[in-house]
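Okay, hi everyone, thanks for making time. I'd like to walk you through one structure today, so let me put it up on the screen.

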Amino acid sequence: MHSEKPLIGRSVPRKEGREKVTGRARYVDDLVFPGMLHGATVRSPAARGRIRAIHFDKNIPWNEFTIVTAKDIPGENCVTLILHDQPCLAAETVNHPEEPVVLLAHPDKYLLEEARRSVRIEIEPLPAVFSIEDSLAKKAIIWGEDNLFKKFLVEKGDVDAAWAAADIIVDGEYETAAQEQLYIEPNGVIAIANRSEGVTVWGSMQCPYYVHKALLPLFGLPKEKVRVVQAETGGGFGGKEEYPSMIAAHAALLAWKSGKPVKIIYDRAEDMAATTKRHPSRTRHRTGVTHDGKLVAMEIDFVIDGGAYCTLSPVVLSRGTIHAAGPYECPNVRIRSRAVATNAPPHGAFRGFGAPQSIFALERHLDKVAKACGLAPDEFRRRNFVQQGGTLAVSQVIHEKVDLPRLMDRAFECSDYHAKRARFARENPSARVKKGIGFAAFLHGAGFTGSGEEFLASVVAVEATAEGRVRVLAASTEIGQGTNTIFSQIVADALGLDSALVEIAPPDTAAVPNSGPTVASRTTMIVGKLVESAALGLKQTLVSSGLLHEKFSTEDFRSACAEYIRKHGALRATSQYAPPPGIHWDDEKYQGDAYGAYAWAVYVAEVSVDTSTYEIRVDDFVAVQEVGKVIHPVLAAGQIEGGIAQGIGYALYENVVWQEGRMVNAQMTNYIMPTSADVPPIRVFFEENPYPFGPGGAKGIGELPMDGPAPAIVNAIEHATGVSITKIPVTPEVLMEALEGVNA
Amino acid sequence: MRAYLPKYELVTPTALEDALKLLAREPAQWKPFAGGTDLMVLLEAGKLAQRKFFSIWKLPELHGIAETREHVTLGALTTYTEVQRSETLQREFPLLCRAAAETGSVATQNRGTLGGNIANASPAADSPPALLVYDAELELVSARGARWMPYTQFHKGYKQMDLASDELITRIRIARTRSGWRQYYRKVGTRSAQAISKVCLAGVSRRDNGRIADVRIALGSVAPTVVRCVKTEEFLRAAGVLTPAAVKRTQEILSGEIAPIDDFRSTAKYRRRVACNLLAEFLRL
Amino acid sequence: MPDAAKVRIAMRVNGREVAVDAWPMARLLDVLREELRLTGTKEGCGEGECGACAVLLDGALVNSCLVPAVHADGASVTTIEGIANGEQLHAMQQAFLEHGGAQCGICTPGMVLAAVNLLERCPNPTDTDIRAGLAGNLCRCTGYMKIFESVLVACKQKGDRSQMTGK
């Protein structure tokens, strides 16, 4: 390598940052096409029922409109994901409020909106189900034979026999609510579609190949006739993982029928009411411990609400299940989990993907268990943290050096935890504003579960130009997390070049190979590693063809590329995912190496509780995590800080108000996310224990910060008030009721 | 954007006189449009039934803050930013400045106006409780003439006002009689900033030897309109030194003067309890 | 069906005189994005809550989704496209670029303008001033920490520069 300092580990300017700070970055609504129509969706007013009729009011010139219903779909009326149960447009029945039924397109977006309101869908209602309880109780069968999308059973040791060895047994039940991803850029796509050329879609999305896959059976087209291009995307957080397939299908259907480009952009109210949210959950814990606080038995029942169709619920359930027993060593565990159907718009991917739900329950419960043992919550954790060589609930052996006690010590030192724990306890009785400090300890697995990455078989390509510039071809998208910058650093270091010479090709399915979806905290750890190998492969090609020595300058590289391309036409290397050696996962028993790597963390939250208004404020937040290797300090800290802010919203502010399966507070005025005035100082600290199979040793971190804040905050609220709250969000109204319950 | 824009008119009369003539000629057909921070939200949600508006935003007669020895008079188009920038208001009417600082965001404060806020008549509005405890008066003007009225009599019921269909709110007048009074304003919203109020209490009191000689208390978000709690005020004037029992009794009376509801932002029970707690906090001043 | 007539709006946008025809209640946001093709200003909510549409109207920070076209007539408007000096970024833009103030970038135009406006009104803001000044600009990606840092960096740079020039 000729360059002096590696870029990995340094905070280089964001690759596409200049475009973003000047307003030049082009998001999908910034794009216009000649002759473009605007598209809109007419949606079901009812939660469940049979479509009796669709009325078009007389006041609209309907002959000017393109109108699409289910019968206009050329191929299968289905949005393909895991199962084939979700229609693209409802045909005979509807199963959730806001389910799409009719599509309209017109050049005038104002008249289009009038028209949307002039279509009435008449529905004969059927009994509907709106809660996990009612779904489990089968008040109505609304999906399949028993409302059950998926279930898992994880067993370790012999939990039934183990209760006998427990001195103390503690039960608890915990609930988490739906959460809206609330990316500041709503969903939007533009489509061009016709029989001869096929379908092309540009849009705000995380996974162009998911959209590509979903469009094929809808139109009955071969792969090469469908092209999906990611536009600059204003946030995703999982909310643009699977949902874009639906909106892309709609725009494409209108384009197909009209023969014109069609743009569909959701306004905020539509986006909130109609698209996916985080799965609500209910977790029951039964935990057996010895007198000295050692775990002997854990039985966990974990249920998530998947909404009306299967979509990604089995995978959310999987991750939530695997994380349900946390970073602890317990010889006997049973985790029973289920994903059930309700008549709400399908719930979907949201950063954390099941783990924030099950970790909330666990970290709340273990504070309760600690209390029952007469131990401080941190002492209880110390006695049970998994260590190197230990096994998690899914029987995964932790081979790496893991030192959770050290992470905890550091988090406590940075937050002054012990002193504050004592001081607040002393001062609270006479204070009107009570203070509390609490923590959560957790882990987050990166990459797809088990054999998921093998199944994805991701491919990345790196190519060089005759000018010595290098292009990365991957389907991984930049959605703010820093994909473009990280990939540039990795390639620049692999080839010893300036990162200005590295370009990231726009994720366009016609031009880039399928490196898998931008989800599951896999983009740096899994795809970044492939990017590194492909870049090294490219170098190796030049070296082994005698055009380059092991040490070379930028000019040497350029002339070697030019020479190679002159001789062979193109210079390109690909890399395909191969699992690290020794990874074994049993899909039947749900046991083994669930994830290639875990990041480990301890988060501490300090809160104030105002006993006049019951308002809770987070005053300070410390986040300590071991992440393998920090590739870009500013980007990495940015991920943690942003995730923590979302976690604070999840714990305290973000409340979806449901009425018969419909979100009725679908406005930013009424669905509350934290502003700059609401976030505490967030102090982030990293430790590094390199993961050998990640680029530079990096593990995935995108979702990690979502898991810790809610339990840490609610643990802190308990410390401040003495009240144990088991459901989030903890709004002031909820806290008031809880405090009253205590005083009654 | 859920409104059919071509159907909306927004004309710009150049003088107040012309605006009033328009209102006189076609009463109830035309409504005034000030900064737009309420009306444009309704427009975009597809909920703006009114189609014809006349912009008053640039009418000079409705701007400015005038001071005499007895009064401060604010033009109806005084923005929240302008309220906060007034040294006199900061010094003598701090609750109005507090309310303005807690309304929306900087961007909203640059466009939102006191007159617009009063005319929008939301029970959750932030400034009206402060105006109520300052015994504000409103000037209402039409082609027929002008009248002043106590703001306490303006709101008759939910979104019902003593405002004829040909009248405009032009000025808001407050008497400079609050110097030396204790002043309290607390808005409890859904978050620290840019929040709709769940409960809001404004209070001013004058003490004399430890007892309350005079007091005004007003609340927002606990009734169909913003309310002055006159029974509570009466009780406090007669209460003498405030013992814990007296404070409790005051809270009971306050509770009887408000009618909070459950909505998707909060609950009646929470609003009632917090209103009483804020009262206690005010009385501890 | 249409009742109103379009009106001519003459404004100075980013220092340039422009005139467009617009429905009287058309949002300034749409006039900027669609008539003038200045797409840097974004729509995030259409309710005046998120601040992604923020512009400077006669020097005051406003949410352009709440300003009717008619109110921009005769006014001076500054959008994100107007604050750099040719290819030289404004100090605030440079700070956001180098200190992680922008992640997905959709809130960035409004946020940068709000921050620029904050420093104009308050050249040495405290932490509280910054939080209050930016509370009308929602960011879902950053958790705001690096936005605060970026503002402080830009503030310091301006301070250093004004010390140098003695202004």
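Which domains does the assignment give for chain C? There are two entries: domain 1 covers 7-82, and domain 2 covers 91-162. Before I go further, please keep in mind that this is a predicted model.

Let's stay with those two domains for a moment. Taken over C-alpha atoms, their centres in chain C are separated by 22 Å. On the contact side, 14 residues of domain 1 of chain C meet 11 residues of domain 2 of chain C. On the domain 1 side, β3(C) has the largest share, with 3 residues. If you care about chemistry, that side of domain 1 breaks down into 8 nonpolar, 4 polar and 2 charged residues.

Now the secondary structure. Chain C contains 6 helices and 5 strands, and going along the sequence you read β-β-α-β-β-α-β-α-α-α-α. With a radius of gyration of 17 Å, close to the 15 Å from the globule rule for 167 residues, chain C is as compact as a globular protein of that length. For those setting up boxes in their heads, the C-alpha trace of chain C spans about 55 × 35 × 25 Å along its principal axes. Of the 167 residues in chain C, 63% are buried. And if you take contacts in chain C between residues at least 6 apart in sequence, 56% of them join residues at least 24 apart.

Okay, the sheet. In what order do the strands of chain C line up? The order is β2-β1-β5-β3-β4, in an open sheet with mixed pairing. At the edges sit β2 (16-22) and β4 (60-63) of chain C, each pairing on one side only. Ignoring direction, neighbouring strands here are turned by 40° against each other on average.

Zoom in on one pair: β1 (residues 7-13) of chain C runs antiparallel to β2(C), and 7 bridges join them. Quick reminder for the non-structural folks: strands in a sheet pair through backbone hydrogen bonds, parallel or antiparallel. Within that pair, look at C:R8, which stands opposite C:D21 in β2(C).

Then there's a helix on the sheet. Helix α4 (residues 108-121) of chain C packs there and touches β3 (54-57) and β4 of chain C. The direction of α4 makes about 40° with that of β3(C).

Next, the neighbour. How many residues of chain C are in contact with chain A? It's 40 residues of chain C against 40 residues of chain A. The elements of chain C giving two or more residues to that side are α3 (91-99), α4, α5 (127-133) and α6 (145-165). Of these, α3(C) gives the most, with 5 residues. So α4 of chain C turns up twice in this story: on the sheet, and again on the side that touches chain A. By class, the chain C side has 21 nonpolar, 12 polar and 7 charged residues.

Last bit, chain A itself. Chain A is divided into domain 1 (35-126 + 187-265), domain 2 (281-449 + 588-743) and domain 3 (452-576). The centres of domain 1 and domain 3 of chain A are separated by 36 Å, over C-alpha atoms. Those two do touch, with 16 residues of domain 1 of chain A in contact with 13 residues of domain 3 of chain A. On the domain 1 side, α5 (208-219) and β11 (226-230) of chain A each supply at least two residues. That side comprises 7 nonpolar, 7 polar and 2 charged residues.

That's my tour, thanks for listening!

How values were computed
Residues are numbered from 1 along each chain as its sequence is written. Chains are lettered from A and ligands numbered from 1 in the order in which they are written. This is a predicted model: local features need pLDDT of at least 70, side-chain atom pairs count only at pLDDT 80 or more; totals for chains, interfaces and linings use all residues. Helices (H or I, at least four residues) and strands (E, at least two) are DSSP runs, numbered from the N terminus. The radius of gyration is taken over C-alpha atoms; the globule rule is 2.2 Å times the number of residues to the power 0.38. A residue is buried if 20 or more other C-beta atoms lie within 10 Å of its own, exposed if 12 or fewer, and partly exposed in between; C-beta atoms are placed from the backbone. Two residues are in contact if their C-beta atoms, placed from the backbone, lie within 7 Å. Two strands pair if DSSP finds at least two bridges between them. Axes are lines fitted to C-alpha atoms, for helices over the stretch in contact, and angles run from 0 to 180 degrees between N-to-C directions. Ala, Val, Leu, Ile, Met, Phe, Trp, Tyr, Cys and Pro count as nonpolar, Asp, Glu, Lys and Arg as charged, and the others, Gly among them, as polar. Domain bounds come from an automatic or database domain assignment.
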